[in-house]
Amino acid sequence: MKRIKNAKGITLIALVITIIVLLILAAITLSTLAGRRGIITQAQNAEKEHTKAAALEDITIVTYQSPDNKGYTDTVKLEQGLKDIGATIKSKTETKWTVELNGYEFEIDIEEGDVIAKDTTEADSLTLAKMYKNAETAGCDGTNCTATDHLHIGDWVGYTPDTITSGKYLLASMDSDNLLVAIAPADNDGITQEDLYWRVWGYDENTDEVILISNTPTNQYALFHGFERYNSNNYVNYVNELNTICEELYSSNNIGRARSINMDDINKVSSYTEAQKIADFGDSTQPAGIGYTQTFNNCYYPDENSSTGYSIGTKTFTSNAYYYKASEYINNRKQLELMLGPSGNYKYWLASRFVLVESSYADFCVSCVRDGFVGLVGMDCVLCHSDGNFESASLYLRPIVHLESEVTKEQVPIIQPQNDNWTGK
């Protein structure tokens, strides 16, 4: 057999090295094209600068063509000229106007006739989170505010949730044991998306997100009945159900995610303290007091691992239920009106649980807002008892939306107040 000499070919090591080199070259090429200093980015920036310069030139020309016969700026002529070139007047004072053209804001000095680009540069890139912080830093609550870079609690915004494909969110229906039901008034199997208006509720500094709230509760209610339990092998949890309904119906992809309002949302804007809870309801030594603990034998209690949603046995519970009058502890009047409505008659679920422990029994509850109070407000919140009995309660939904931190005022604009009458009872 002849020995093969000088065989030529690509070894595995050489192939790996070649691939690595190609990947490095591809990364360099991509960075050159699309990096922060890349060709594409620089071209985009150049286009923006050209658009901005053209807008500045157009507004300057209109301004210079607007003097009256005494050489002063004719504001009527100026306003018409700005309208003709498609500019929008954002705010006016006697000496300065702020106008927007092609997505950029400019300031016109009425006395001198000068035009300068505002530091905010591209107007539509101003995020709502930044606008909220601007107002907060300035100590501005929105009263007589004309600043176009401010966002305040109570402001109306043009948020639009995605349209859900099915047209409604299906709820669990009543089972044969009548232990669980979640229904809507219109058709007993689903809640439809409503055309709600939205307002600013607050700001989460941990996530840099503006939080919206529907201007009113929904006009459809959810009725809950009895112990949490499995239904058709799908676990239905009242608190999770409230959050899921709101998420499915009122989220918007890449803009905001919705959920139900809860007790934590209310307490964050409230001055109601742990000490006040104990003063109002007693401490751990008193039945129904905060922290009061009791052990019950042969009692019914919610059990997520049970096919019935409850178990029977010996169980220890600690009381954590409370309520308070919102008007006494919500200091921001706009947030108080958003919570309760202009007439103080809003009523809706809060996606939070309570346990109320007395000496001989325990109640398992979902919190709510009703009649100007928040928390465990009467029997509307009690759904089941440790003696095995259960209740029904129907209230409305109140979605809130966390806007993504980079959402701009172009995506979710500030709008004028709307007529939005709540028909719930």
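Me: Buried means under 20% relative accessible area, exposed over 50%, and partly exposed in between (1.4 Å probe, protein chains only). Which class does Asp371 fall in?
Reply: This is a predicted model, where local features need pLDDT of at least 70, side-chain atom pairs count only at pLDDT 80 or more, and totals for chains, interfaces and linings use all residues. Residues are numbered from 1 along each chain as its sequence is written, and side-chain values use heavy atoms, without hydrogens and water. The relative accessible area of Asp371 is 56%, so the class is exposed.

Me: Which residue forms a salt bridge with Asp371?
Reply: A salt bridge needs a side-chain nitrogen of Lys or Arg within 4 Å of a carboxyl oxygen of Asp or Glu. For Asp371, the closest N and O atoms of the pair are 3.8 Å apart. The partner is Arg370.

Me: How many salt bridges does the whole structure hold?
Reply: The pair of Arg370 and Asp371 is a salt bridge. Arg257 and Glu209 form a salt bridge too. A search of the whole structure gives a total of eight.

Me: How far apart in sequence are the parts tied together by Arg257 and Glu209?
Reply: The closest N and O atoms of Arg257 and Glu209 are 3.0 Å apart. Helices (H or I, at least four residues) and strands (E, at least two) are DSSP runs, numbered from the N terminus. Arg257 sits in strand β13 (residues 256–260) and Glu209 in strand β9 (residues 209–214), so the bridge ties together parts separated in sequence by 48 residues.

Me: Is Glu209 buried or exposed?
Reply: Its partner Arg257 has 37% relative accessibility and counts as partly exposed. Glu209 has 6%, so Glu209 counts as buried.

Me: Which residue joins Glu209 and Arg257 in a network of salt bridges?
Reply: A second salt bridge of Arg257 has an N to O distance of 3.9 Å and goes to Glu404. That pair links distant parts of the chain, 147 residues apart: strand β13 holds Arg257, and the segment after β22 (399–403) holds the other end. At 35% relative accessibility, this other end counts as partly exposed. The network of Glu209 and Arg257 is completed by Glu404.

Me: What separates the C-alpha atoms of Thr127 and Thr408?
Reply: Thr127 lies in the loop between β4 and α4 (128–138). Its relative accessibility is 12%, so Thr127 counts as buried. Contact means heavy atoms within 4.5 Å; leaving out residues up to four places away in sequence, Thr127 touches Ser405, Glu406, Val407 and Thr408. Thr127 and Thr408 are 281 residues apart along the chain, yet their C-alpha separation is 3.9 Å.

Me: Among contacts between residues at least 6 apart in sequence, what share joins residues at least 24 apart?
Reply: The protein chain has nine helices and 22 strands. Of its 425 residues, 44% count as buried. For contacts between residues at least 6 apart, the share joining residues at least 24 apart is 61%.

Me: Of the accessible surface, what share belongs to carbon and sulfur atoms?
Reply: Accessible areas come from the Shrake-Rupley method with a 1.4 Å probe; for residues, only the protein chains shown count as cover. The protein chain totals about 23000 Å². Carbon and sulfur atoms account for 48%.

Me: What area does the nonpolar patch with Ile24 cover?
Reply: Patches take residues with over 30% relative accessible area and no salt bridge, joining like charges within 9 Å and nonpolar side chains (Val, Leu, Ile, Met, Phe, Trp, Tyr) within 5 Å. Ile24 belongs to helix α1 (residues 12–34) and is partly exposed at 45%. With Leu12, Leu15, Val16, Ile19, Ile20 and Leu23, Ile24 makes a patch of about 660 Å².

Me: Where does Asn254, with its positive phi, lie?
Reply: Most residues other than glycine have a negative phi. Phi of Asn254 is positive, near 65°. At 62% relative accessibility, Asn254 counts as exposed. Its place is the loop between α5 (238–250) and β13.

Me: What is phi of Asp208 near?
Reply: Asp208 lies in the loop between β8 (198–204) and β9. Its relative accessible area of 23% makes Asp208 partly exposed. Phi is positive here in a residue other than glycine, near 60°.
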